[in-house]
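Biologist: I would like a close look at one part of this protein, namely the places where charged side chains pair up. Please begin there, go slowly, and then set what you find beside the rest of the chain.

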Amino acid sequence: VYAYVPTISFYSFFVVNFSLLLSCFLFFFFKQKTAYEMLRSLVGSEMCIRDREEGVMCASVSGDKLYTGGLGAVVEWDLDGKMLRRFEGHEDFVWSITLNQNSLFSTSAQNTAIQWDLNCHSEKPTPVMRFAPAQSEDTAIVWACAAHSDHLYTGGSDCKARVWDLCNGKMVACLEGHSGWITALALHGQCSLLTASADGTVRLWDLMRKRDHFVREFQIGGWVMSMAVSSLTLW
């Protein structure tokens, strides 16, 4: 029985192994580069926001700016992850943020919402207007807000939703009926408001009515922490 056993020189062994290592390196390099390019194509830029001291309780984006709410302030970032400025005026965590035209609205404890002017390029912006009911629990927290046209809408731990006039800062309507905290708001068109609550329901309100704004109730079951609405569907 004869068997052929090829002999491999040291040089050949080195070339084969080097080629294998080079192939693996190029494979992983281009694979990572492709993933990086896919990431950039999806989000527009690579970004990492770290705010360990204050935390990030909420966020909203407008154009090439990101706004986050933390302890006592709203922070403005560019989409490269650089902090641009801080909007300081709250004494507690900022729980919700919404944008309307050239204004930013933030809510916190003390049953308070604040309006900020985004056209003001000061490094330390000051509040344009504060929204708080004349008589309320100081411990109440405004968990959610929404804004459209000339009105701001807020809801919180006192189980009430409120409608505010942005021209004078006065409350124009108080919507009562939930038995749990109001945790989310959504506008449907220009005339309807939906409020989600920890009582397991979502309520629809007709803002065009002068009285009795309540229209109907959706029994969801369990805490409702967030929602979205399209023209025909509630999510």
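Modeller: Both Glu-76 and Arg-85 are buried, and that is a good place to begin, with the reminder that what you see is a predicted model. The side chains of Glu-76 and Arg-85 are joined by a salt bridge, with a nitrogen and an oxygen 2.9 Å apart. Since a residue is called buried when its relative accessible area is under 20%, both partners of this bridge, Glu-76 and Arg-85, fall under that limit.

A second bridge, between the side chains of Arg-86 and Glu-88, has an N to O distance of 2.8 Å. Here Arg-86 counts as partly exposed because its relative accessibility is 22%, and Glu-88, with a relative accessible area of 47%, is partly exposed as well. The range for this label runs between the buried limit of 20% and the exposed limit of 50%, so the 22% of Arg-86 and the 47% of Glu-88 both belong in it.

A third pair is made by Arg-209 and Asp-206, whose closest N and O atoms are 3.6 Å apart. That distance still qualifies, because a salt bridge asks for a side-chain nitrogen of Lys or Arg within 4 Å of a carboxyl oxygen of Asp or Glu. Arg-209 is partly exposed, because its relative accessible area is 35%. By this rule the count of salt bridges comes to six, and the pairs described here are among them.

To set these pairs in the rest of the chain, it helps to know that the protein chain has 16 strands and one helix, and that buried residues make up 39% of its 235 residues. The chain exposes about 14800 Å², of which carbon and sulfur atoms supply 57%. Of the contacts between residues at least 6 apart in sequence, 37% join residues that are at least 24 apart.

A buried residue of another kind is Ser-197, found in strand 14, which covers residues 192-197. Ser-197 counts as buried because its relative accessibility is 0%. A polar atom of the Ser-197 side chain lies 3.0 Å from the backbone oxygen of Gly-180. When neighbours within four places in sequence are left aside, Ser-197 touches several other residues, including His-178, Gly-180, Trp-181, Gly-222 and Trp-223.

Two loop residues show that a shared backbone feature can come with opposite surroundings. Gln-101 has a phi near 55°, a positive value in a residue other than glycine, and Asn-111 also has a phi near 55°. Gln-101 sits in the loop between strand 5 (96-100) and strand 6 (103-107), while Asn-111 sits in the loop between strand 6 and strand 7 (113-117). Yet Gln-101 is exposed, because its relative accessible area is 68%, whereas Asn-111 is buried, because its value is 4%.

Last comes the empty space around the atoms. Rolling a probe the size of a water molecule over the atoms shows where such space is left. The largest pocket holds about 180 Å³ of space. The elements that give two or more residues to its lining are strand 10 (151-156) and strand 12 (171-176). Among the residues lining the largest pocket are His-148, Asp-150, Tyr-153, Val-172, Leu-207, Met-208 and His-213.

How values were computed: Residues numbered from 1 in each chain as written. Predicted model: local features only at pLDDT ≥ 70, side-chain atom pairs only at ≥ 80, totals over all residues. Heavy atoms only, no water. Helix = DSSP H or I, 4+ residues; strand = E, 2+ residues; numbered from the N terminus. Buried < 20%, exposed > 50% of the residue type's maximum accessible area, 1.4 Å probe, protein only. Polar contact = N/O pair within 3.5 Å; in protein donor to acceptor, adjacent residues only side chain to side chain. Contact = heavy atoms within 4.5 Å. Areas by Shrake-Rupley, 256 points an atom, 1.4 Å probe, with all protein chains shown as cover. 1 Å grid on protein atoms, 1.4 Å probe; cavity = no way out; pocket = protein on both sides within 12 Å on 5 of 7 lines; lining within 4 Å. Points joined across faces, edges and corners; volume = space filled by probe spheres on them.
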